[in-house]
Each structure stands twice: as structure tokens, then as C-alpha cells.
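Student: Could you walk me through this structure? I'd like to learn how to read it.

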Amino acid sequence: MATNVVFLGAPGAGKGTQAQILQQQYGYRQLSTGDILRENHKAGTPLGKAAEAYMQRGDLVPDDLIIKMVRDALPPSGVGIIFDGFPLTIPQAQALDEMLGEMKRGLPQAVYFSIDLGAAKMRLATRGREDDNAQTIHHRFEIFESQRDALKRYYADEAPSRFTEIDADRPLEDVTQRLLRALKLRPSPGVAS
Ligand code: AMP
């Protein structure tokens with residue numbers, strides 16, 4: 001059965017970039033809650049409107065909205081999903097386990113991308129997204145730091161053999177290699193070894 005993977009780590013740690021690589025070269029499906037929220041915002045849906053103010057402040061969108069959104073976005077079983085930007089809270093992590101259980105999928109594998117927070121803030125500041133202004137960035141990191149330890153513990157305790165911490169300060173290719181090892185995947189020809 002395809003593995004489902006949870007990507008944990010600070011904003012700017014490179015989770016989205018690595019998720020894209022796994023999607024393009026390894027058949028995973030990236031499920032980025034931030035991307036889905038931005039698409040909803042652009043399309044002017046009720047969800048996009050409800051989430052807008054939270055996103056502009058860098059606040060968490062309420063758990064019930066996010067959990068329903070993820071439930072609706074789950075691809076059919078058989079496709080390995082990379083959860084990018086989800087869960088960000090313990091209730092979200094619990095809801096994810098429940099959803100995967102209902103779908104007869106096992107517990108997810110968790111990868112924590114560890115990065116120097118100063119470096120991560122710099123990355124965001126140069127990325128230029130609408131919510132990448134100084135105040136919002138500061139708040140996003142506050143929230144990240146407030147949830148980080150509890151989330152890491154949740155996954156490390158739940159299934160220690162399925163929890164991996166990766167040094168995301170390293171060059172992108174090194175991080176990909178480390179990720180492939182953690183997920184027990186062979187490097188594809190497109191990935192430099
Ligand atoms: P991201 O693209 O992951 O940086 O997320 C952008 C924004 O979307 C965040 O600052 C939050 O406002 C919101 N968001 C994304 N994922 C979540 C989540 N799992 N829970 C709550 N809010 C989220």
C-alpha cells in the first residue's frame with residue numbers, strides 16, 4: 001500500500017520544493033493546505049473568504065475548516081499522499097489519523113525538516129508571496145514554534161520508526177537524498193546522487 005507522508009517544519013524549510021520533487025518523480029500526490037487555501041481565495045469561494053483574514057495575519061485557519069478541506073481533497077486510496085503544511089496542530093494530527101484509518105490506510109510516515117529559523121525567515125522574505133511581509137512572517141514563526149515540539153512528539157511517540165528528522169539547511173539535492181532514504185525510495189535518474 002502506498003505510504004502517506006507528513007511533512008513537518010518551519011515555513012521556508014523547503015517542504016513544498018521537496019514535495020514537488022516527490023510528486024514529479026515518484027508518483028506521490030502533494031496535498032498542500034496553503035496552496036488549496038490560496039486557490040480558494042483566488043476563486044472567491046466561501047472557504048477562501050472565510051480563510052482570508054487569518055492568512056493575511058499569518059494566523060492558523062480554524063481546525064474545523066482545515067480538516068473538512070483536507071477530507072474533501074484526499075485522493076483515492078492507492079496514491080501516496082504528501083501532506084505539506086498539514087497538520088499544524090495536534091487536533092489536525094488526530095483528525096488525519098482518523099481519516100486515514102477510515103480509508104483503511106496506515107499511520108503516516110513523518111519527516112521533520114529542521115532548519116535554522118533565521119535562514120528560513122530570510123528565505124520567506126525574498127520569496128515575495130502576498131503573505132510574506134515582515135509582520136505576518138513573524139507571526140507565522142511564533143505559531144510554528146508554539147506547536148513544533150508537541151507535533152514532533154506526537155509523531156515520534158506514535159511510531160518512532162516512522163519519524164525522521166532531516167537537516168534542511170543542507171543543499172537541496174542532499175535533502176532530497178536524505179528524504180529518499182527515509183522513505184526507502186531509490187534515486188530516480190532525474191535526481192542527482
Ligand atoms: P503555507 O502555504 O503553508 O505557508 O500556509 C499559508 C497560510 O495558510 C498559513 O499562514 C495559514 O494561515 C494557512 N494554513 C495553511 N495550512 C494550514 C493548516 N494546516 N492549519 C491552519 N492554517 C493553515
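Student: Where does the ligand sit?

Tutor: Start with the ground rules: this is a predicted model, where local features need pLDDT of at least 70 and side-chain atom pairs count only at pLDDT 80 or more, while totals for chains, interfaces and linings use all residues. Residues are numbered from 1 along each chain as its sequence is written, and side-chain values use heavy atoms, with hydrogens and water left out. A pocket is an open set of points on a 1 Å grid over the protein atoms alone, where a 1.4 Å probe fits, with protein on both sides within 12 Å along at least five of seven lines. A molecule sits in one if more than half of its atoms lie within 2 Å of its grid points. Here, the ligand sits in the largest pocket.

Student: Which residues come nearest to the ligand?

Tutor: A residue counts as near if one of its heavy atoms lies within 4 Å of the molecule. Of the 16 residues around the ligand, the nearest are Thr 33, Arg 38, Asp 59, Gly 85 and Gln 92. Helix H2 (residues 33-43) gives the most to that shell, four residues. Helices are DSSP runs (H or I, at least four residues), and strands are too (E, at least two), numbered from the N terminus.

Student: What polar contacts does the ligand have with Arg 38, Val 61 and Gln 92?

Tutor: Look for a pair of N or O atoms within 3.5 Å. A side-chain N or O atom of Arg 38 is 3.0 Å from a ligand oxygen. Val 61 uses a polar backbone atom, 3.0 Å from a ligand nitrogen. For Gln 92, a polar side-chain atom lies 2.9 Å from a nitrogen of the ligand.

Student: How many helices and strands does the chain have?

Tutor: Eight helices and five strands.

Student: Which backbone features should I look at?

Tutor: Most residues other than glycine have a negative phi, and most peptide bonds are trans. Here, a cis peptide bond joins Phe 86 and Pro 87, with omega about 0°. Pro 87 is in the loop between strand E3 (81-84) and helix H5 (90-102). Lys 104 is not a glycine, yet has a positive phi of about 60°; its place is the loop between H5 and strand E4 (109-114).

Notes:
Polar contact = N/O pair within 3.5 Å; in protein donor to acceptor, adjacent residues only side chain to side chain. 1 Å grid on protein atoms, 1.4 Å probe; cavity = no way out; pocket = protein on both sides within 12 Å on 5 of 7 lines; lining within 4 Å.
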